[in-house]
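Student: I have a new structure to look at. Could you show me how to read it, feature by feature?

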Amino acid sequence: MNILSPSILAADFSRLGEQIKEVEHAGAKYLHIDVMDGVFVPDISFGMPVISSIRKCSDIVFDVHLMIDRPERYIKEFADCGANLINFHLEATEDVVGAIQRIRFLGRKVGITISPQTPAKAVEPYLKLVDMVLVMTVKPGFGGQKLIPECLDKVREVRAMVLEKGLRTDIEVDGGIRVDNVNQALEAGANVIVAGSAVFKNRISDNVRAFLEKMQ
Ligand code: DX5
Ligand code: ZN
């Protein structure tokens, strides 16, 4: 099944709860939550207090994308504030297995993420240990960028590895995905689709429905 994960980075933060309910009612199953620390990426977004607070207004699956340096330092905090799935960047830590184990120990789903400069092969040693691979389709750090087509080739490579190993790993894509290019991502082998500006700009419910129609 294909899943849409709207990224709240593009939401109107003064109406966050309302907008989350709107994407949920329109049929989105995941909510993508981008945490940026100003070190791993230049920007700072938001952290645990915001996540705990929106946890109270929705039961949607919280797909937390940690763009933070040494994510292993904060796994417990993100699990405690309501993350169901925790994605961290391979580029951000020297202890990938430790971070994976910590997330598992807390009973959350685990995702490993690769930025555009990281080859698909980098995820191979960890594939059996994780639930998801998140392939960034833009440089992490900002919403509203254009999809880098070469990143979809990496999605194909990851899907081939997953199939070859007989796994059922989810493959998520994030960055520059719109209704008019989502098919390319699905064809490449992604099954979880992040969309920020393409969902939260203008009419949210209509945007979600348009995505879901293309993703059936
Ligand atoms: C970028 C973030 C994305 C971002 C996507 O670093 O990880 O999740 O919100 O935004 P769009 O869909 O606008 O490219
Ligand atoms: Zn993201």
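Tutor: Start with ligand 1. One of its oxygen atoms is 2.7 Å from a polar backbone atom of G141. Keep in mind that this is a predicted model.

Student: Which other polar atoms lie at short range from an oxygen atom of ligand 1?

Tutor: D34 offers a polar side-chain atom, 2.7 Å from an oxygen atom of ligand 1. G176 offers a polar backbone atom, at 2.8 Å from a ligand oxygen. The protein covers 99% of the 380 Å² of accessible area that ligand 1 has on its own.

Student: Which residues come nearest to ligand 1?

Tutor: There are 19 residues around ligand 1. D34, G141, D174, G196 and S197 come nearest.

Student: Now the metal. Which residues coordinate the zinc ion (ligand 2)?

Tutor: To read a metal site, list the donor atoms, then check the angles. Here H32 gives NE2 and H65 gives ND1, while D34 and D174 each coordinate through OD. The distances run from 2.0 to 2.2 Å.

Student: What geometry does the site of the zinc ion (ligand 2) have?

Tutor: Octahedral. The zinc ion has six donor atoms, with angles of 70 to 170 degrees among them.

Student: How are the donor residues of the zinc ion spaced in sequence?

Tutor: The pattern is H-x1-D-x30-H-x108-D. Take D34 and H65: D34 lies in strand β2 (residues 30–36) and H65 in strand β3 (residues 61–67), so the pair ties together parts that are 31 residues apart in sequence.

Student: Are D34 and H65 buried or exposed?

Tutor: Both are buried.

Student: How should I read a helix?

Tutor: An α-helix has 3.6 residues a turn, so residues three or four places apart point the same way. Now look at helix α4, residues 96–105. Its buried residues are V96, G98, A99, I100 and I103.

Student: What covers the buried residues of α4?

Tutor: The cover includes α3 (75–80), β4 (85–89) and β5 (109–114).

Student: What follows α4?

Tutor: G107 does, and its phi is positive, near 75 degrees.

Student: Last, a loop. Where is S58 found?

Tutor: In the loop between α2 (48–55) and β3.

Student: Why does S58 count as buried?

Tutor: Compare its relative accessibility with the cut-off. Buried means under 20%. S58 has 4% relative accessibility, so S58 counts as buried.

Student: Which residues does S58 touch, leaving out those up to four places away in sequence?

Tutor: I20 and E24. With E24, the contact is also polar: the two side chains meet at 2.8 Å.

Notes:
Residues numbered from 1 in each chain as written. Chains lettered and ligands numbered in written order. Predicted model: local features only at pLDDT ≥ 70, side-chain atom pairs only at ≥ 80, totals over all residues. Heavy atoms only, no water. Donors = N, O, S within 2.8 Å, 3.2 Å for Na, K, Ca; no water. Tetrahedral: all angles 85-135°; square planar, octahedral: opposite > 155°, others 65-115°. Helix = DSSP H or I, 4+ residues; strand = E, 2+ residues; numbered from the N terminus. Buried < 20%, exposed > 50% of the residue type's maximum accessible area, 1.4 Å probe, protein only. Near = heavy atom within 4 Å. Polar contact = N/O pair within 3.5 Å; in protein donor to acceptor, adjacent residues only side chain to side chain. Areas by Shrake-Rupley, 256 points an atom, 1.4 Å probe, with all protein chains shown as cover. Contact = heavy atoms within 4.5 Å.
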